Amino acid sequence: MTRKIICVACPLGCEVLVELNEAGELQQISGNNCKRGVSYAQAECTHPTRPFTSTVRVEGGNLPLVSVKSAEPIPKAMMLACAEATKRIVAKAPVAMGDVVLANAAGTGIDLLATNRVDV
């Protein structure tokens, strides 16, 4: 099976072709113009991850919401579970930039961090 992906590892945006066998294992990668394209294509085909961003409600703050992001990219398959988890939590003001708003988001082992400040 051949899979075509656009590489986002650098600004070139190469169209990378990835050959997979029937078991889904990598056989060949072509079309990349830099070494980062190989790493990106391998990760995208075997274990895709994405940065997660959202907002969380704040109680007692000068703003009703605080923006959050994952401390590192999370598995793509866990995006919806993380979104559901953010719906259920309420942070208490004050919230500082970088505060852990949700530890181990949806069992990923990755924390959600505040990306803004909310005062009382």
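Hi everyone. Let me start at one small spot: glycine 98, which, leaving aside its neighbours within four places in sequence, is in contact with Leu113 and Ala114. Before going on, please keep in mind that this is a predicted model.

So where does glycine 98 sit? You will find glycine 98 in the loop that runs between β8, residues 90–92, and β9, residues 100–102. Is glycine 98 buried, exposed or partly exposed? Its relative accessibility is 44%, and therefore glycine 98 counts as partly exposed, given that the partly exposed class lies between 20% and 50%. If you want a distance to try on the screen, take threonine 53: it is 45 residues from glycine 98 along the chain, and the two C-alpha atoms are separated by 13 Å.

Now let's step back to the whole chain. The secondary structure comes to two helices and ten strands. Going along the sequence, you meet them in the pattern β-β-β-α-β-β-β-β-α-β-β-β.

What about the overall dimensions? Along the principal axes, the C-alpha atoms fill a box of roughly 55 × 30 × 15 Å. The radius of gyration is 18 Å, whereas a compact globule of 120 residues would have one near 14 Å. Buried residues make up 28% of the 120 residues. The chain exposes about 7400 Å², and 53% of that is supplied by carbon and sulfur atoms. As for contacts with a separation of 6 or more, 48% of them join residues that are 24 or more positions apart.

Next, the sheet. Five strands form an open sheet in the order β8-β5-β6-β10-β9, and the pairing is mixed. The two strands flanking our glycine 98 loop, β8 and β9, stand at the edges of this sheet; each has a single partner strand, so one side of each is left without a neighbour in the sheet. On average, neighbouring strands here are turned by 45° against each other, direction ignored.

Let's look at one pair inside that sheet. Strand β5, residues 53–59, and strand β6, residues 65–70, are antiparallel and pair over five bridges. As a landmark, serine 54 stands opposite valine 68 in β6. Packed on the sheet is helix α2, residues 79–88, which touches β5, β8, β9 and β10, the last of these being residues 112–114. The direction of helix α2 makes about 15° with that of β5.

Let me now take you to an earlier part of the chain, where there is a hairpin. Strand β2, residues 15–20, pairs with strand β3, residues 26–30, in the antiparallel sense, over four bridges. Leucine 20 stands opposite leucine 26 in β3. Which residue of this hairpin takes a positive phi? That is glycine 24, with a phi near 85°, and the hairpin has five residues between its strands.

My last stop is serine 30, which has its place in strand β3. Not counting residues up to four places away in sequence, serine 30 touches Glu15, Val16 and Leu17. Serine 30 has a relative accessibility of 29%, and so it counts as partly exposed. How far is serine 30 from valine 95? They are 65 residues apart along the chain, with 46 Å separating their C-alpha atoms.

That's the tour. Thanks for listening, and please feel free to turn the model around while we talk.

Note on methods. Residues are numbered from 1 along each chain as its sequence is written. This is a predicted model: local features need pLDDT of at least 70, side-chain atom pairs count only at pLDDT 80 or more; totals for chains, interfaces and linings use all residues. Side-chain values use heavy atoms; hydrogens and water are left out. Two strands pair if DSSP finds at least two bridges between them. Buried means under 20% relative accessible area, exposed over 50%, partly exposed in between (1.4 Å probe, protein chains only). Contact means heavy atoms within 4.5 Å. Axes are lines fitted to C-alpha atoms, for helices over the stretch in contact, and angles run from 0 to 180 degrees between N-to-C directions. The radius of gyration is taken over C-alpha atoms; the globule rule is 2.2 Å times the number of residues to the power 0.38. Accessible areas come from the Shrake-Rupley method with a 1.4 Å probe; for residues, only the protein chains shown count as cover.
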